[in-house]
Structure formats: C-alpha cells, structure tokens
Amino acid sequence: MLENSLVRLAVIEDGEKIIEMLKNNAKWMQDHGINQWQYLLNGGDDEEILEAIKQKETYILLNNEKLIGTFTLSTTQSEWDKHIFGEDPDGDSMYLHRLAVLPAFIGKGLGKEILRWIEDNVSTDKTYLKLDCVADNSKLNQFYCANGFHYIGETDQHSKFQKKF
C-alpha cells in the first residue's frame, strides 16, 4: 500500500487537515465503542498538534494527494511522556504519538507499513521507539505487540510499549 503513497513531513498548511482527520478518527472510535482520543473532539490537542508540525515532528501519508494517515515522532519527552514513562535522563528514546490512518484503511496493513517505514527511514541516534495507548483497547495493544513492540507496563490506564531501533 505504501508503494502507491507518499510519506512526508507535514507543513503548517497541512495542520487543519491533520486536526480534522484526527477528530474524525476520534469520532469514529467513539461511534465504535473505543475509548480513545475523545479529548480531541473538543480541540484538546489542537495547539500541540500544530506545534509538532512547526517543530518538524509530524508526518503525513498521502495517496493520490489525499491525506490517509499521520504520525508524530518526537526526540524529546513531552510532559505526557514524562508522566507515562518517567524521566528519560539518558535521552535515548524517540516517542511516537497520534499514529492514525483513515478508518477505511484500518485492518489493511497500513499501520504496520507505517511502523516499518519509521524503522527504515527515520535516522536517529536513539535506542528505543516508545509509545503509549489506552490499556483497554485490546486490539491496539495486540497490534503493537504483533509489530515487535514490548509491553513494559501501565500508567494511568495507558499501556506502555517500546521497541529497540
């Protein structure tokens, strides 16, 4: 699927589309009984999303110029990362946030391909790629385990995962 798509850094002009996509995904999850990202529906992360774009940490996936996916990679810990994972005094981790694909692409392997793209294309001196997700979202937890991430615990009902680069 990625062979027909383009992954690139997002630019500020992409911001509204990314926020709209994330809110649509949050609404889709709500409609399907998945308790994840509900805070996005009320603009809960809009400023952080735009800031991550400005910091050149957000990527988009385009297929025929249509936004079909997005993710954010940060080389520094956010306050959320510190809360979930604790301080990273060695600075040896990169953090993956807001990995999302359009609902029409869920279950078609696109998420797996994005994770592989990150491993193959992101140059880093970091040792680990870390992420968190809602602990009671069993399908998402299984997805990360199936893609080589190791479960390292839970904080505030969020599963913590890491994978060695």
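**View 1. A salt bridge within helix 1.** In this predicted model, the side chains of Asp31 and Lys27 meet in a salt bridge, with 2.8 Å from N to O. Both residues belong to helix 1, where they sit four residues apart, which is about one turn of the helix. Lys27 has a relative accessibility of 40% and therefore counts as partly exposed, since that class covers values between the 20% limit for buried and the 50% limit for exposed. In the structure as a whole there are seven salt bridges, and the next two views show others among them.

**View 2. A salt bridge within helix 3.** Here the side chains of Lys82 and Glu79 meet in a salt bridge, at 3.6 Å from N to O. The two residues both lie in helix 3, which covers residues 79-85, and they are three residues apart, again about one turn of the helix. Lys82 is partly exposed, because its relative accessibility is 28%, whereas Glu79 has a relative accessible area of 61% and so is exposed.

**View 3. A salt bridge between helix 4 and strand 7.** Glu119 forms a salt bridge with Lys163, and the closest N and O atoms of the pair are 2.5 Å apart. Because Glu119 lies in helix 4 and Lys163 in strand 7 (residues 158-164), this pair ties together parts that are 44 residues apart in sequence. Glu119 is partly exposed, with a relative accessible area of 36%, while Lys163, at 15% relative accessibility, counts as buried. Elsewhere, Asp45, Glu48 and Arg98 are joined into one network by salt bridges that share partners.

**View 4. The seven-stranded sheet.** Seven strands form an open sheet with mixed pairing, and their order across the sheet is 1-2-3-4-5-7-6. At the edges are strand 1 (6-9) and strand 6 (150-155), each of which pairs on one side only. When direction is ignored, neighbouring strands of this sheet are turned by 25° against each other on average. Strands of a sheet pair through backbone hydrogen bonds, and the pairing can be either parallel or antiparallel. Strand 2 and strand 3 run antiparallel and are joined by six bridges; in strand 3, Thr70 is the bridge partner of Ile60.

**View 5. Helices on the sheet.** Helix 4 lies across strand 1, strand 2, strand 3, strand 4, strand 5 and strand 7, and it runs at about 150° to strand 4. Helix 5, made up of residues 138-146, also packs on the sheet, where it touches strand 4, strand 5 and strand 7, and its direction makes about 165° with that of strand 5.

**View 6. The largest nonpolar core.** This core holds 38 residues, of which Ile18, Phe71, Leu73, Leu96, Ile114, Ile118 and Tyr144 touch the most other members. Among the elements that each supply at least two residues of the core are helix 2 (46-54), strand 3 (66-74), strand 4 (93-101) and helix 4 (110-121). Helix 1 gives the most to this core, contributing six residues.

**View 7. The surroundings of Leu73.** Leu73 is one of the core residues that touch the most other members. When residues up to four places away in sequence are not counted, Leu73 touches Glu57, Tyr59, Met94, Tyr95, Leu96, Ile118, Val122 and Leu129. Two of these contacts, Leu96 and Ile118, are themselves listed with Leu73 among the core residues that touch the most other members.

Note on methods:
Residues are numbered from 1 along each chain as its sequence is written. This is a predicted model: local features need pLDDT of at least 70, side-chain atom pairs count only at pLDDT 80 or more; totals for chains, interfaces and linings use all residues. Side-chain values use heavy atoms; hydrogens and water are left out. A nonpolar core is a set of buried Ala, Val, Leu, Ile, Met, Phe, Trp, Tyr and Cys residues joined through side-chain atoms within 4.5 Å. Buried means under 20% relative accessible area, exposed over 50%, partly exposed in between (1.4 Å probe, protein chains only). Contact means heavy atoms within 4.5 Å. A salt bridge is a side-chain nitrogen of Lys or Arg within 4 Å of a carboxyl oxygen of Asp or Glu. Two strands pair if DSSP finds at least two bridges between them. Axes are lines fitted to C-alpha atoms, for helices over the stretch in contact, and angles run from 0 to 180 degrees between N-to-C directions.
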